[in-house]
Amino acid sequence: MYGNDYSGGGGGFMPNSSPRMGSQGSPGGERRAATQSLRPVTIKQILGAEQAHADAESYIDSVEVTQVTVVASVISIQSQTTNSMYYIDDGTGRIEARLWTDSSAEDDDSNLNGVKEGTYVRVTGVLKNFSNKRYINANSVRPCTDAHELYFHMMEVMYVSLVHQRGPPPRPGEENRQNGSLAATATNGGATSNYSAYTSTSKTGANDQYAGLSALARRIIDFVVAQPPSEEGTHVAAIARHVQSDAASISTALDELMDNGHVFSTIDESHFSASG
């Protein structure tokens, strides 16, 4: 599979800042595989993506995003010598998608690939900014030939959003991921569902190994453990938004967790994963 809009504060952290690094960002030249993955999004998510400055990376759900795919209706097309500009709308917002002209094509119609105004297209490309205006630098704009593609795309967007925000649903046979006596599955009319996995607030609820931690450190480790597995771990900005505390307190709590061997830094000193 290839996430929902973020709003709210987070202890004054920006996506590229860390209480352990001051205002420094990630080490230069270090690129993560996750940033190169293709992510399904809505236009509203693109327009609301977090960015420290015009040349910085974009973040959706506290995850760095570069390559995106959108399904939307074409409002207008402007063909120029070097590129074609598509103004698209998916019901959540409008944005420009620019596709550079194939110099080997014999005519302009070949570059449009059969795309017409008023039809639905799938746009795949990279997020860019120019003159404080965000757009998609497209490498593919193709017409949707199946009416179900729009619905499939929206479901995929919702799934990825939930995974990034609340963690993945439990697999069959996986131990209960919820707190206290809450069941891992919800029962409705005799049928079981994994929906309740998305209502979980903690994966470590009754785990005694965290019993001696401070309240803030416990909230942080609960949040980190609940995130979907990834090589890059959880960004400190996401932690700050979740716990809603100041930078100094979060830094102290992270030191406590690291000293006790519960978390470790991953790709840089702004990303953390749970141990074990």
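Two strands count as paired if DSSP finds at least two bridges between them. With that in mind, welcome to a quick tour of this predicted model. We start with the strands E4, E7 and E8, then visit a buried aspartate and end at a nonpolar patch on the surface.

**Strand pairing around E7**
- Strand E4 covers residues 67-79 and strand E7 covers residues 120-130; the two run antiparallel and are joined by seven bridges.
- For a landmark in this pairing, look at Val 71, whose bridge partner in E7 is Arg 122.
- E7 also pairs with strand E8 (residues 133-143), again antiparallel, through ten bridges.
- Here Lys 128 is a handy place to look, as it stands opposite Tyr 135 in E8.
- E7 and E8 make up a hairpin, with two residues between the strands. In the turn you will find Ser 131, which has a positive phi of about 55 degrees.

**Asp 61 in its loop**
- Asp 61 sits in the loop that lies between strand E2 (58-60) and strand E3 (63-65).
- Its relative accessible area is 10%, so Asp 61 is classed as buried, the cut-off being under 20%.
- The side chain of Asp 61 has a polar contact, at 3.2 Å, with the side chain of Gln 165.

**The nonpolar patch and helix H3**
- Tyr 151, Phe 152, Met 155 and Met 158 together make a nonpolar surface patch of about 480 Å².
- Tyr 151 belongs to helix H3, which spans residues 148-166.
- Tyr 151 counts as exposed because its relative accessible area is 55%, and the cut-off is over 50%.

Terms used. Residues numbered from 1 in each chain as written. Predicted model: local features only at pLDDT ≥ 70, side-chain atom pairs only at ≥ 80, totals over all residues. Heavy atoms only, no water. Patch = residues over 30% accessible without salt bridge, like charges linked within 9 Å, V, L, I, M, F, W, Y side chains within 5 Å. Areas by Shrake-Rupley, 256 points an atom, 1.4 Å probe, with all protein chains shown as cover. Salt bridge = Lys/Arg side-chain N within 4 Å of Asp/Glu carboxyl O. Helix = DSSP H or I, 4+ residues; strand = E, 2+ residues; numbered from the N terminus. Buried < 20%, exposed > 50% of the residue type's maximum accessible area, 1.4 Å probe, protein only. Polar contact = N/O pair within 3.5 Å; in protein donor to acceptor, adjacent residues only side chain to side chain.
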